[in-house]
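Me: I am new to this structure. Please pick one part, look at it closely, and then show me what else can be said about the chain around it.

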Amino acid sequence: MSPEKTEVLVVGAGQAGVAMSEHLTRAGIPHLVLERDRIAEAWRTGRWDSLVANGPAWHDRFPGLEFDGEPEAFVPKEQVADYFVAYADKFDMPIRTGVSVTGVTRNQDRAGFTADTSAGPVEARYIVAATGPFQVPLIPALVPDSAGIDQIHSSAYRNPGQLAPGGVLVVGAGSSGVQIAEELLASGREVWLSVGPHDRPPRRYRGRDNVWWLGVLNKWDAEAVPGSEHTTIAVSGAHGGYTIDFRKLAAAGMVLVGRTEGFADGRMTFAGDLAANVRRGDANYLSVLDEADAWVARNGFSLPEEPGAREIGPDPVCMTDPILSLDLKAAGIGTIVWATGFAVDFSWLGVAPQDERGRPVQNRGISTEPGVYFLGQPWQTRRGSSFIWGVWHDAKYVADHIAKQRGYLSAYGGAG
Ligand SMILES: Cc1cc2nc3c(=O)[nH]c(=O)nc-3n(C[C@H](O)[C@H](O)[C@H](O)COP(=O)(O)OP(=O)(O)OC[C@H]3O[C@@H](n4cnc5c(N)ncnc54)[C@H](O)[C@@H]3O)c2cc1C
């Protein structure tokens, strides 16, 4: 089959691929976006049923289109996916769905690359991998199947009714773990939550949402420095948005434990770091309030004071007398939900160097392999890179880079 030809092949049509297509269109660069499922599939089938966006509608969007409805609302996940479909329609994007890219090789006798796809080969001068920051669910190899406990990753969790009867141990207290644990508790389950180190920003402070504070305090846009890693952040837009407070969850009946460390003879063991982790989260929370207050004073804004936000409740028993070992069956636990994060898999893009964890070797999305680009990776340029708000700006940077390269190629008559 003779290859289809395009200038830029974008792989993946989540928010990153959609943003990329917008900027390439604006720059007048011919391109094709291939998506193995549907546009923004992760928002439809890679998340639990009740998920809403973590940021309000006025913020978690691209500049070119607003969400219908209340700007301060937290948009349900299906509507987030619908938004990206509408965005692709609005810009008439050349997105082809249901096509997987399975491999990419550099052309030997001419410039560019050939991608193997489920619909035949595609040749392109540039490749943009927009296949997501959170691709492969990570479950630590701790509990063998023979233990007789159901185990699922947070990406496979849908709702409480899906789980076997009994208590649930949720491992990981980032945004996914804490929201799932809370939903399970509210459904009447007994819930244990294993809490590691985390940040927990205030949902709202002095009348402004957390995303606004992150913006004015220049945290979304904070430049990546070598070694910048995805941070575990406990934040939620559920039920209109509220500040995650582990002490309140414990008061509501959730049993908190420290970091999950091991499993033997039916017993799970936990580090004795619960109190330290919760206090670290408190310190992060209070530091945001301090920075916000300093910002208000410096800028002469008139925002209502909120001294009550600084009150931290008493330590629950599970913090003062931590559980270090738990017989799961004796405790009635039938399921473990591993909210332990994701890895990436760029094995299909062997042409571009990757590190020992399979992460692309890139700087601001530009691979060390000329002609290959990445988009949507955590801390690709800034804290916001893997989020809706940030990826749009990173896509512009990548499109500009491609436009500049094309400019050189077209100089001197463009031969070659
Ligand atoms: C639970 C959860 C909640 C989140 N909530 C928010 C939030 O509220 N606000 C926010 O800003 N961010 C949020 N994020 C972070 C981020 O916005 C999402 O992870 C988002 O899906 C990332 O978009 P993406 O386009 O980079 O990747 P993805 O959405 O993962 O899209 C990548 C696409 O590439 C396709 N693909 C992969 N491999 C191939 C291939 N070989 N060939 C063809 N297609 C391929 C996939 O099918 C997929 O559609 C959340 C993340 C998680 C996990």
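Reply: Start just past a helix: aspartate 92 follows α3, and its phi is positive, near 50°. Keep in mind that this is a predicted model.

Now step back into the helix itself. α3 runs over residues 77-90, which makes 14 residues. From its first C-alpha to its last it reaches 20 Å. That is close to the 20 Å expected at 1.5 Å a residue.

Which residues of α3 are buried? They are Lys77, Val80, Ala81, Tyr83, Phe84, Tyr87 and Ala88. Seen around the axis, these residues cover an arc of only 150°, which puts them on the same side of α3. An α-helix has 3.6 residues a turn, so residues three or four places apart point the same way.

The buried residues of α3 have partners to pack against: α1 (15-26), α2 (41-45) and β3 (95-97). The opposite face looks elsewhere. Turned away from the buried side of α3, it carries the exposed residues Asp89 and Lys90.

Look next at what comes before α3. Proline 76 sits in the loop between α2 and α3. With 16 C-beta neighbours inside 10 Å, proline 76 counts as partly exposed. Proline 353 lies 277 residues from proline 76 in sequence. In space the two prolines are 37 Å apart, C-alpha to C-alpha.

Now for the wider setting. The chain is divided into domain 1, made of 4-135 + 344-410, and domain 2, made of 139-338. Their centres, taken over C-alpha atoms, are separated by 30 Å. The contact between them takes 20 residues from domain 1 and 23 residues from domain 2. On the side of domain 1 that touches domain 2, eight residues are nonpolar, nine are polar and three are charged.

A second helix makes a useful companion to α3. Helix α9 covers residues 388-410. Its 23 residues should span 33 Å at 1.5 Å a residue, and its end C-alpha atoms are 33 Å apart, which agrees. Among its buried residues are Trp389, Trp392, Val398 and Ile402. What covers the buried residues of α9? The cover includes β1 (4-11), α1, β6 (122-129) and β21 (372-374). Note that α1 also packs against the buried residues of α3. After α9 comes tyrosine 412, with a positive phi near 55°.

Finally, turn to some strands. Strand β17 covers residues 333-338, and five of its six residues are buried, so it is largely enclosed by the rest of the structure. Strand β8 (residues 150-153) pairs with β17 in the parallel sense, over four bridges. There, isoleucine 152 stands opposite valine 337 in β17. Strand β9 (residues 167-171) also pairs with β17 in the parallel sense, over five bridges. Here valine 168 stands opposite threonine 335 in β17.

One more strand residue is worth finding. Glycine 262 belongs to strand β14 (residues 260-264). With 13 C-beta neighbours inside 10 Å, glycine 262 counts as partly exposed. Leaving out residues up to four places away in sequence, glycine 262 touches Leu142 and Thr269. Aspartate 315 is 53 residues from glycine 262 in sequence, and 25 Å from it in space, C-alpha to C-alpha.

Conventions. Residues are numbered from 1 along each chain as its sequence is written. This is a predicted model: local features need pLDDT of at least 70, side-chain atom pairs count only at pLDDT 80 or more; totals for chains, interfaces and linings use all residues. Domain bounds come from an automatic or database domain assignment. Two residues are in contact if their C-beta atoms, placed from the backbone, lie within 7 Å. Ala, Val, Leu, Ile, Met, Phe, Trp, Tyr, Cys and Pro count as nonpolar, Asp, Glu, Lys and Arg as charged, and the others, Gly among them, as polar. Helices (H or I, at least four residues) and strands (E, at least two) are DSSP runs, numbered from the N terminus. The expected span of a helix is 1.5 Å times one less than its number of residues. A residue is buried if 20 or more other C-beta atoms lie within 10 Å of its own, exposed if 12 or fewer, and partly exposed in between; C-beta atoms are placed from the backbone. The arc is that of the directions from the helix axis to the C-beta atoms. Two strands pair if DSSP finds at least two bridges between them.
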